[in-house]
Amino acid sequence: MNKLNLLFLVFVFFLLACNGSEKKAEKKSVDRIEMSAVNIEKGGELYRAKCMNCHMQKGEGIAKFYPPLANSDYLKENTNEAIRMVKFGSNKPIKVNGEKYNSLMPSSGLTDKELVLVFNYILNSWGNDYGQISIEEVEAVKR
Ligand code: HEC
């Protein structure tokens, strides 16, 4: 192999290496789920399809059976526990705004990404101003 060929090979490897790291960076930004209007709307769609039957249109719930999400002290103060409940289902006794609830919420069957979307929707709807969560936080929630 002459010198020129060798130089060319090194150059090609260099290009490939750069390309690889660029791809990784791209994937990371795809995993990040921004709080954009589009994503809030996606969260709203998931909410209407998967949660509204019980928690109702304005997140008001149904007294004594299904706790409210709108203005919920539980959701505000125990966001991580709330994620666990929606991810895996729950029927333990809890108190929301001073009222006891102990009915069953089945596991949502949503992916971690969908959970981020639906949570960022309920955390910021009906007057709630409870911040946002990331995919890493949802992934870290285990049974
Ligand atoms: C079949 C009815 C039902 C469905 C559907 C349902 N939930 Fe629930 N949810 C409940 C019940 C019942 C509880 C209380 C569970 C307990 O006592 O362990 C609850 C509790 C919660 C809580 C914590 C308490 C609070 O009010 O802050 C959150 C947050 C929540 N649900 C969000 C959701 C989301 C998001 C969805 C849709 C992905 C959903 N739920 C779908 C019935 C339901």
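The following exchange concerns the largest pocket and the salt bridges of a predicted model.

Colleague: What is the volume of the largest pocket?

Modeller: Several elements contribute to the lining of this pocket, with α2 (37–50), α3 (52–55), α4 (73–77), α5 (79–88), β1 (94–96) and α6 (112–122) each supplying at least two residues. The lining comprises 33 residues. The volume of the largest pocket is about 610 Å³.

Colleague: Which residues lie nearest the centre of the largest pocket?

Modeller: The lining of the largest pocket divides into 23 nonpolar, eight polar and two charged residues. Of the 33 residues that line the pocket, those nearest its centre are His55, Pro67, Leu69, Val86 and Met105.

Colleague: How many salt bridges does a search of the whole structure find?

Modeller: Side chains of opposite charge can pair when their charged atoms come close. One such pair here is lysine 87 with aspartate 112, at 3.4 Å from N to O. For the whole structure, the search yields a number of salt bridges equal to four.

Colleague: Which residue forms a salt bridge with glutamate 41?

Modeller: Glutamate 41 is partly exposed, with a relative accessibility of 41%. Its partner is also partly exposed, at a relative accessible area of 39%. The closest N and O atoms of the pair are 3.0 Å apart, and the partner of glutamate 41 is arginine 48.

Colleague: What separates glutamate 81 and arginine 84 in helix α5?

Modeller: The side chains of these two residues meet in a salt bridge, with 2.5 Å from N to O. Glutamate 81 is partly exposed at a relative accessible area of 23%, and arginine 84 is likewise partly exposed at 29%. Because they stand three residues apart in helix α5, glutamate 81 and arginine 84 are separated by about one helical turn.

Colleague: Is lysine 87 buried or exposed?

Modeller: The side chain of lysine 87 meets that of aspartate 112 in a salt bridge. Lysine 87 belongs to helix α5 and aspartate 112 to helix α6, so the pair ties together parts that are 25 residues apart in sequence. Aspartate 112 has a relative accessible area of 23% and is partly exposed. For lysine 87 the relative accessible area is 15%, under the 20% cut-off, and lysine 87 is therefore buried.

Colleague: Which residues do salt bridges with shared partners join into one network?

Modeller: Glutamate 81 and arginine 84 already form one salt bridge between their side chains. Through salt bridges that share partners, one network takes in Glu81, Arg84 and Lys92.

Key
Residues are numbered from 1 along each chain as its sequence is written. This is a predicted model: local features need pLDDT of at least 70, side-chain atom pairs count only at pLDDT 80 or more; totals for chains, interfaces and linings use all residues. Side-chain values use heavy atoms; hydrogens and water are left out. On a 1 Å grid over the protein atoms alone, a cavity is a set of points where a 1.4 Å probe fits but cannot get out, and a pocket is an open set with protein on both sides within 12 Å along at least five of seven lines; lining residues have an atom within 4 Å of a point. Grid points are joined across faces, edges and corners, and a volume is the space filled by probe spheres set on the points. Helices (H or I, at least four residues) and strands (E, at least two) are DSSP runs, numbered from the N terminus. Ala, Val, Leu, Ile, Met, Phe, Trp, Tyr, Cys and Pro count as nonpolar, Asp, Glu, Lys and Arg as charged, and the others, Gly among them, as polar. Buried means under 20% relative accessible area, exposed over 50%, partly exposed in between (1.4 Å probe, protein chains only).
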